[in-house]
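User: Could you take a close look at one helix and what it packs against, and then walk me outward from there? Keep it informal, but stay with what the model shows.

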Amino acid sequence: MNAPGKSTRDYADLARTGHTHVSLYTSPEVYQDELDRIFYRSWVYVAHDSEIPNPGDYKTTYIGEIPVIVSRDSNDKIHVMINRCMHRGATVCNSETGSGEKFVCPYHGWEFAPDGELLTIGLPRGYNEGEVNQKELGLVHAAKVDSYRGIIFASLYEVPDITLDEKLGNIKEVIDLYMNLSPTGKIIVGKSGVYKHPYHGNWKIQTEGSVEGYHAIFTHVTALDVMQRKMGGHLKGFTTSGLHGYDTGHGNNVLEIYKHSDEVVHERWSKEYIELLCDAHGETAAMDALRSRFNMVIFPNFAILEYQFRVIRPLSPTETEVRLYHTMLDGVPKEVNVRRIRDHEFFYGQASFGGPDDYSIFGRMQEGYKADTVPWVYLNRGINTETTDEKGNRVGDLTQETQQRAPYYEYRRLMAGVE
Amino acid sequence: MERSEAEDFLYSEARLLNSGKNREWQKLFTEDAIYWVPANDPDSDPEEHVSYIYDDMELLNERLGRLESEFCFAQQPASTTLHQISNVEVENGADNEVTLRSNVLIFEFRNNGQQRFYPLQTFPAFCEHRLRKEAGEWKIAYKKVALLNCDGEIQDLTFLM
């Protein structure tokens with residue numbers, strides 16, 4: 001892939017397998033290169049289908065630092081467009097979510113359809129013939145949009161050199177497991193709440209931190225203590241072997257958190273819910289979904305954890321916003337979703353027993369990174385025993401760092417053109 | 001309940017919070033109480049929507065235990081708060097029940113961290129207390145703290161409100 005920009009940095013050397021250079025977390029030039037080469041020119045998460053279920057629905061979000069609109073037109077087609085009036089550049093939509101027939105720029109009354117077409121120009125007679133070509137001045141679309149299981153990705157400026165199917169690869173089966181927690185295979189994202197969480201630190205700290213198997217027994221002493229008492233045996237074997245981290249390719253990765261026994265599944269969920277899933281998916285697939293718990297990262301800006309879609313938005317080399325969109329399961333008894341709400345609150349969110357400790361530590365990491373004479377950050381735990389499974393995933397143990405090394409292969413490919 | 005009595009109750013609750021007497025504050029609640037800080041929408045249904053905090057008294061007890069632990073890294077250094085209360089309104093209910101509505105401006109500060117210049121944080125909120133008289137004493141059966149910025153970007157809410 002041709003890397004745009006004039007940077008002469010050798011990213012193949014700065015993003016080594018097992019060591020990342022501290023400048024990747026601090027340098028404004030590196031950050032700009034990441035926006036140009038990763039965020040604006042490869043697959044980036046933008047939305048889930050359920051956020052814009054009906055024609056005319058839209059949400060606004062960001063690709064890197066660029067404001068975009070994700071809309072559904074009257075033919076049910078989804079569009080990802082730069083939120084910028086083609087005339088003088090104001091954003092044409094100023095709501096997080098909504099529904100309507102058009103986006104109207106409040107500066108000069110230019111009106112755009114949900115598919116981006118420029119419908120009307122304010123006071124058109126002031127333009128002479130040839131001064132404005134309405135057909136060419138629709139909103140600018142992302143170069144490529146595609147989705148898997150309702151999860152919508154876009155590449156803003158260029159068509160990526162791999163399809164979304166190639167990008168997702170082996171992680172699709174983990175997404176399938178997640179969706180199989182609903183008997184209809186459908187989830188509802190964000191309607192049940194969004195934690196909007198800024199932190200003082202580079203965006204990659206959260207990408208790495210979403211699949212951190214090593215830290216839990218140190219950072220989350222207080223949360224694990226409560227969980228142990230409330231959940232008892234469910235936490236047994238938390239740090240023992242049998243749980244793995246996977247690099248599934250193209251920067252994506254998976255961390256297994258629990259593999260519940262059938263006994264625990266039956267303790268944890270009602271007979272009614274388990275039967276619903278078995279009827280819908282067959283017993284094998286249903287029990288696979290119920291036994292499994294993963295954290296997964298789809299590089300660069302998206303993660304799925306137990307009850308949430310997590311979206312990472314870079315703000316600057318040292319500032320990031322994370323949004324935790326709670327997910328509800330379609331077609332399940334109410335108590336299942338209430339349970340998902342209470343469990344989510346317990347560990348995530350700004351007042352919870354887990355997340356705030358992580359974000360506090362992210363800030364401390366960024367503080368430490370000011371010492372750029374200490375050049376390397378270590379991510380080499382388990383590198384010498386890492387194996388490859390029959391599907392082609394790199395595999396390490398839960399507390400090793402295979403999954404956190406995964407993004408840097410794709411990072412090198414996109415930043416330096418090195419496979 | 002007269003407004004002056006309501007104000008006295010809320011001020012004394014705030015004094016406990018602001019002087020770090022968390023376990024005495026805990027004793028103000030009834031056994032079946034709920035301590036609620038909604039997220040995104042102050043009028044959301046906590047069974048349909050996540051909250052920042054939706055504690056029964058078992059979980060509140062765990063929360064206080066966490067704050068006392070040396071492993072609560074989000075509270076290193078620990079927050080100190082100042083609760084400024086105004087706009088107190090009293091809605092008398094049945095004999096032993098009363099609802100208090102108030103505005104609270106919570107100032108939150110953490111001193112003596114490695115990271116200097118931690119800014120003073122302000123959290124304005126609409127509060128609702130539902131009090132119940134038990135053994136001659138007013139107790140909190142329900143406390144809701146609806147932050148003005150409950151749908152905004154917030155870094156940390158690990159202190160008591």
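Analyst: Start with helix α4 of chain A, residues 172-179, where A:Val174, A:Tyr178 and A:Met179 are buried. Keep in mind that this is a predicted model. Looking down the axis of α4(A), you'd find those buried residues within an arc of 145°, so they line one face of the helix. That fits the usual geometry: an α-helix has 3.6 residues a turn, so residues three or four places apart point the same way.

What does that buried face of α4(A) pack against? Strands, four of them named: β13 (187-199), β15 (252-259), β16 (292-298) and β17 (302-305), all of chain A.

β17(A) deserves a proper look. Both of its faces are covered, with A:Phe302 and A:Ile304 buried on one side and A:Ala303 and A:Leu305 buried on the other. As a general point, in a regular strand the side chains alternate between the two faces of the sheet.

Now for the strands that pair with β17(A). On one hand there's β16(A), which runs antiparallel to β17(A) and is joined to it by three bridges. One pairing to pick out is A:Val297 with its bridge partner A:Ala303 in β17(A). The connection between β16(A) and β17(A) is a hairpin through three residues. On the other hand there's β18(A), residues 308-316, which pairs with β17(A) over four bridges, again in the antiparallel sense. Here A:Ile304 stands opposite A:Phe309 of β18(A), and the hairpin between β17(A) and β18(A) has two residues in it.

Go back to the loop between β16 and β17 of chain A for a moment, since A:Pro300 is found there. The peptide bond joining A:Phe299 to A:Pro300 is cis, with omega at about 10°. Another backbone oddity concerns β15(A), a strand we met under the helix. In the loop between β14 (244-249) and β15 of chain A you'll find A:His250, which has a positive phi of about 50° despite not being a glycine. A:His250 counts as buried, with 24 C-beta neighbours inside 10 Å. For context, most residues other than glycine have a negative phi, and most peptide bonds are trans.

Zooming out within chain A, the domain assignment gives domain 1 (45-148) and domain 2 (170-416). Their C-alpha centres lie 33 Å apart. In the contact between these domains, seven residues come from domain 1 of chain A and 13 residues from domain 2 of chain A. The domain 1 side divides into three nonpolar, three polar and one charged.

Then there's the other chain. The contact between the chains takes 27 residues from chain B and 27 residues from chain A. On the chain B side, the elements giving two or more residues are β2 and α3 of chain B, and the largest share, four residues, comes from β2(B). By type, the chain B residues that touch chain A divide into twelve nonpolar, nine polar and six charged.

Where does β2(B) sit in its sheet? The sheet is an open one of six strands with mixed pairing, in the order β2-β1-β6-β5-β4-β3 of chain B. β2 (51-55) and β3 (79-92) of chain B are at the edges with a single partner strand each, so one side of each has no neighbour in the sheet. The twist from one strand to the next averages 20°. Further in, β1 (residues 29-38) and β6 (residues 137-147) of chain B run parallel and are joined by four bridges, with B:Tyr35 partnered by B:Lys143 in β6(B).

The other contributor, helix α3 of chain B (residues 57-68), lies across β1 and β2 of chain B and runs at about 70° to β1(B). In the loop between α3 and β3 of chain B comes B:Pro77, and the peptide bond from B:Gln76 to B:Pro77 is cis, with omega near 0°. β3 of chain B, the edge strand opposite in the listed order, holds B:Asn87. B:Asn87 isn't a glycine, yet its phi is positive at about 55°. B:Asn87 is exposed, with 10 other C-beta atoms within 10 Å, whereas A:His250 back in chain A is buried.

Key. Residues are numbered from 1 along each chain as its sequence is written. Chains are lettered from A and ligands numbered from 1 in the order in which they are written. This is a predicted model: local features need pLDDT of at least 70, side-chain atom pairs count only at pLDDT 80 or more; totals for chains, interfaces and linings use all residues. Two strands pair if DSSP finds at least two bridges between them. Axes are lines fitted to C-alpha atoms, for helices over the stretch in contact, and angles run from 0 to 180 degrees between N-to-C directions. Two residues are in contact if their C-beta atoms, placed from the backbone, lie within 7 Å. A residue is buried if 20 or more other C-beta atoms lie within 10 Å of its own, exposed if 12 or fewer, and partly exposed in between; C-beta atoms are placed from the backbone. The arc is that of the directions from the helix axis to the C-beta atoms. Ala, Val, Leu, Ile, Met, Phe, Trp, Tyr, Cys and Pro count as nonpolar, Asp, Glu, Lys and Arg as charged, and the others, Gly among them, as polar. Domain bounds come from an automatic or database domain assignment.
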